Amino acid sequence: MKLMNYMNLNVHPVQLSFFKDRTHAFEEVFHAHQGMELLVVHEGTGIVVIEQQIVELAPGSIFCFRPFQLHRIRIHNLPEDNYIRSLFVLEPAILEAALSAFPSLREFLMKLWKDPLMPQAFRSESLAELEVFLRSYVPRLDAAKERGPERLLEEQTLFLTAFLHQLRTDSEKHSDSVPHLSVKSTSTAERMLAWIEAHYMEPFKLDELAASVHLTPNHVSATFHQSIGSTITEYLTARRIRQACWLLRTTDMSVQDIGEAVGLGNFSYFCQLFKKHVGFTPYKFKGMSAYTNFIE
């Protein structure tokens, strides 16, 4: 599984998936998207790891993941319980331009897109009503596909505008964000995530991480895996590669300097690891930024 999931946004800037049953096809990995991702949960329970936070996932949960933002979804009790979701991935600049006539809604989008203090987890006021709303757009979007990409994008933009309006309405009614899990192991795991965030660009030292959360090295590894669902090494690698992608897209740093900046000073190993997780060499990925200008 690749860390970066493009969903063909370079070909078409919006990809919408409604009521997808992922019960038997779900893969639990850290990943990021080229565009903004809006996730609606219809069935299933679990947790979402996003930045250095762990939040609950349940029917009616709506999550907004920013471009290139590392996250991981854990679904409980698969395949006994179902996991059904709708997923909307888009280049936010496309929707921003379409919202020029709606300044307050555009401001809400900009906060979701770029404000680090903006909540990224929401609850639907009424999941049943939301699902009726989503289903009403499916035949319109299917019909638009037959009329070409321009008509399809128009219908998709209208849908996303209406969805964003509903999301804002719900968020204003419930200004409190989705609560964090309160178990001790999760609190410890979040402290571990915060430590890694502060030190991922340095050579990793398990003893120092363990000392920072007052656990033995063996205990810290077990606690992290139990709470997050991956090893520390898997998360650290994903975090470094995600940052490398960001630097390759947004700076003029050399590939070698970027490897060193994310804690991967062995240049050949950095290139090998990057291609394994992204699907391209760092050089090819950097060259792709010449025709994708949606990141600021």
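**Briefing: sheets, helices and cores in a predicted model**

Strand β2 and strand β9 (residues 84–90) form an antiparallel pair joined by six bridges. The structure is a predicted model. The pair belongs to an open five-stranded sheet with antiparallel pairing, in the order β2-β9-β4-β7-β10. A further open sheet has three strands, ordered β6-β5-β8 and also paired antiparallel.

**Five-stranded sheet**

- The edges of the sheet with the order β2-β9-β4-β7-β10 are β2 (14–21) and β10 (121–123), each of which pairs on one side only.
- Between neighbouring strands of this sheet the average turn is 15°, direction ignored.
- Helix α3 (residues 127–145) packs on the sheet and touches β2, β4 (36–43), β7 (61–65) and β9. The direction of α3 makes about 125° with that of β2.
- Strands of a sheet pair through backbone hydrogen bonds, in either a parallel or an antiparallel sense.

**Strand β9 and its partners**

- On the β2 side, S17 is opposite L87 of β9, and Q15 has V89 of β9 as its bridge partner.
- With β4, strand β9 pairs over seven bridges, again in the antiparallel sense. V40 has S86 of β9 as its bridge partner.
- Seven of the seven residues of β9 are buried, so the strand is largely enclosed by the rest of the structure.
- In a regular strand, side chains alternate between the two faces of the sheet.
- Both faces of β9 are covered: one side carries I84, S86, F88 and L90, the other R85, L87 and V89, and all of these are buried.

**Nonpolar cores**

- In soluble globular proteins, nonpolar side chains tend to be buried together.
- The largest nonpolar core contains 31 residues. Those with the most contacts inside this core are F88, L112, L130, L134, F159, F163 and L164.
- Two or more residues of this core come from each of β2, β4, β7, β9, α2 (103–114), α3 and α4.
- F163 touches L38, V40, I62, F88, L130, F133 and L134, leaving aside residues up to four places away in sequence.
- A second core, separate from the largest one, has 21 residues, including I54, A210, F224 and Y235.

**Q156 in helix α4**

- Q156 is located in helix α4 (residues 149–173).
- With a relative accessibility of 6%, Q156 counts as buried, because the cut-off for buried is under 20%.
- Leaving aside residues up to four places away in sequence, Q156 touches H12, V14, L16 and L141.

**Three-stranded sheet**

- In the sheet with the order β6-β5-β8, the edge strands are β6 (53–57) and β8 (71–75), each with a single partner strand, so one side of each has no neighbour in the sheet.
- Neighbouring strands here are turned by 20° against each other on average, direction ignored.
- Strand β5 (residues 46–50) runs antiparallel to β8, and five bridges join the two. I47 is opposite R74 of β8.
- Helix α7 (residues 217–228) lies across β5, β6 and β8, at about 75° to β8.

**Helices α8 and α10**

- The axes of helix α8 (residues 232–250) and helix α10 (residues 267–278) cross at roughly 95° and come within 10 Å. The two helices are therefore roughly perpendicular to each other.
- On α8 the contact is made by T237, I241, A244, C245 and L248, and on α10 by F270, L273, F274, H277 and V278.
- By class, this contact has eight nonpolar residues, two polar ones and no charged ones.

Methods. Residues are numbered from 1 along each chain as its sequence is written. This is a predicted model: local features need pLDDT of at least 70, side-chain atom pairs count only at pLDDT 80 or more; totals for chains, interfaces and linings use all residues. Side-chain values use heavy atoms; hydrogens and water are left out. Two strands pair if DSSP finds at least two bridges between them. Helices (H or I, at least four residues) and strands (E, at least two) are DSSP runs, numbered from the N terminus. Axes are lines fitted to C-alpha atoms, for helices over the stretch in contact, and angles run from 0 to 180 degrees between N-to-C directions. Contact means heavy atoms within 4.5 Å. Buried means under 20% relative accessible area, exposed over 50%, partly exposed in between (1.4 Å probe, protein chains only). Angles under 35 degrees count as roughly parallel, over 145 as roughly antiparallel, 65 to 115 as roughly perpendicular and the rest as oblique. Ala, Val, Leu, Ile, Met, Phe, Trp, Tyr, Cys and Pro count as nonpolar, Asp, Glu, Lys and Arg as charged, and the others, Gly among them, as polar. A nonpolar core is a set of buried Ala, Val, Leu, Ile, Met, Phe, Trp, Tyr and Cys residues joined through side-chain atoms within 4.5 Å.
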